[in-house]
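Hi everyone, thanks for coming. I'd like to walk you through one structure today, so have a look at the screen.

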Amino acid sequence: MEKRRERRVVVKDPVSFEGKFGVGRGTTFNLSLGGCALGSNTPVDPDATMRLYLHIPSQKSPLQVDRARVTWTAGNDFGVEFLSLDAQEQQNLKHYIAGLQ
């Protein structure tokens, strides 16, 4: 059985993303420092890479994940692993998650 590296928190935040498949919008439904799960009507392939923009309520501009990889898909839901996240954005994400726990 796979062990998760980070604790996930339940959220319902808007997200937008872009990659070779085009652009899409959706809703994040769980979040950790290492990745998130989201629902979207935009189809994506497993192992696709993308740039994510997490729209966190307490921030004026979206938190940007420079590079994320799709790790699973199930219908309109999929999970991504964060591969590249700026140090400041990582701190912002850490602060947001801590406030939800």
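Let me start with a question: is Ser 40 buried or exposed? Take a second to find Ser 40 in strand β3. One thing to keep in mind while you look is that this is a predicted model.

Okay, here we go. Ser 40 has a relative accessible area of 6%, so it counts as buried. And Ser 40 has company in there. Leaving aside neighbours within four places in sequence, Ser 40 is in contact with Phe 17, Arg 25, Gly 26, Asn 76 and Phe 78. Look at Arg 25 in particular: its backbone oxygen lies 2.7 Å from a polar atom of the Ser 40 side chain.

Now zoom out to the strand. Six of the six residues of β3 are buried, so the rest of the structure largely encloses this strand. You can check that face by face. On one side you have Gly 35, Ala 37 and Gly 39, on the other Cys 36, Leu 38 and Ser 40, and all of them are buried.

So what does β3 pair with? On one side, β2 and β3 run antiparallel and are joined by six bridges. The connection between β2 and β3 is a hairpin through two residues. If you want a spot to look at, Ser 32 stands opposite Gly 35 in β3. Then β3 also pairs with β6, again in the antiparallel sense, over five bridges. Gly 35 turns up here too, standing opposite Glu 81 in β6. Hold on to Glu 81, we'll come back to that residue.

A quick reminder from the textbook: strands of a sheet pair through backbone hydrogen bonds, either parallel or antiparallel.

Let's go all the way round. Six strands make a closed barrel, in the order β1-β2-β3-β6-β5-β4, with antiparallel pairing. Ignoring direction, neighbouring strands of this sheet are turned by 45° against each other on average. Within that barrel, β1, residues 9–19, pairs with β2, residues 22–32, in the antiparallel sense over nine bridges. One example is Asp 13, whose bridge partner in β2 is Thr 28.

Next, the nonpolar residues. In soluble globular proteins, nonpolar side chains tend to be buried together. Here, the largest nonpolar core has 24 residues. Which residues have the most contacts inside it? They are Leu 31, Met 50, Leu 52, Val 80 and Phe 82. The elements that give two or more residues to this core are β1, β3, β4, β5, β6 and the helix α1, residues 87–100. Try clicking on Leu 52. Not counting residues up to four places away in sequence, Leu 52 touches quite a list, including Val 15, Phe 17, Cys 36, Leu 38, Val 65, Val 80 and Phe 82.

Last topic: charges. Side chains of opposite charge can pair when their charged atoms come close. How many salt bridges does a search of the whole structure find? Three.

One of them is between Glu 18 and Arg 51, with the closest N and O atoms 3.9 Å apart. That pair links distant parts of the chain, with Glu 18 in β1 and Arg 51 in β4, 33 residues apart. Glu 18 is partly exposed at 31% relative accessibility, and Arg 51 is partly exposed too, at 32%.

Another joins Arg 69 to Asp 47, where the closest N and O atoms are 3.0 Å apart. Arg 69 is in β5 and Asp 47 is in the loop between β3 and β4, so this pair ties together parts that are 22 residues apart in sequence. And now Glu 81 is back: the side chains of Glu 81 and Arg 69 meet in a salt bridge, 2.8 Å from N to O. Glu 81 lies in β6 and Arg 69 in β5, so here the tied parts are twelve residues apart in sequence. Through shared partners, Asp 47, Arg 69 and Glu 81 join into one network. Within it, Arg 69 is partly exposed at 27% relative accessibility, whereas Asp 47 is exposed at 53%.

One more thing about Asp 47 before I stop. Most residues other than glycine have a negative phi. Asp 47, though, has a phi near 75°, a positive value in a residue other than glycine. Have a look at that loop on your own screens, and then I'll take questions.

Definitions and conventions:
Residues are numbered from 1 along each chain as its sequence is written. This is a predicted model: local features need pLDDT of at least 70, side-chain atom pairs count only at pLDDT 80 or more; totals for chains, interfaces and linings use all residues. Side-chain values use heavy atoms; hydrogens and water are left out. Two strands pair if DSSP finds at least two bridges between them. Helices (H or I, at least four residues) and strands (E, at least two) are DSSP runs, numbered from the N terminus. Axes are lines fitted to C-alpha atoms, for helices over the stretch in contact, and angles run from 0 to 180 degrees between N-to-C directions. A salt bridge is a side-chain nitrogen of Lys or Arg within 4 Å of a carboxyl oxygen of Asp or Glu. Buried means under 20% relative accessible area, exposed over 50%, partly exposed in between (1.4 Å probe, protein chains only). A nonpolar core is a set of buried Ala, Val, Leu, Ile, Met, Phe, Trp, Tyr and Cys residues joined through side-chain atoms within 4.5 Å. Contact means heavy atoms within 4.5 Å. A polar contact is a pair of N or O atoms within 3.5 Å; within protein, one must be able to donate a hydrogen and the other to accept it, and residues adjacent in sequence count only if both atoms are side-chain atoms.
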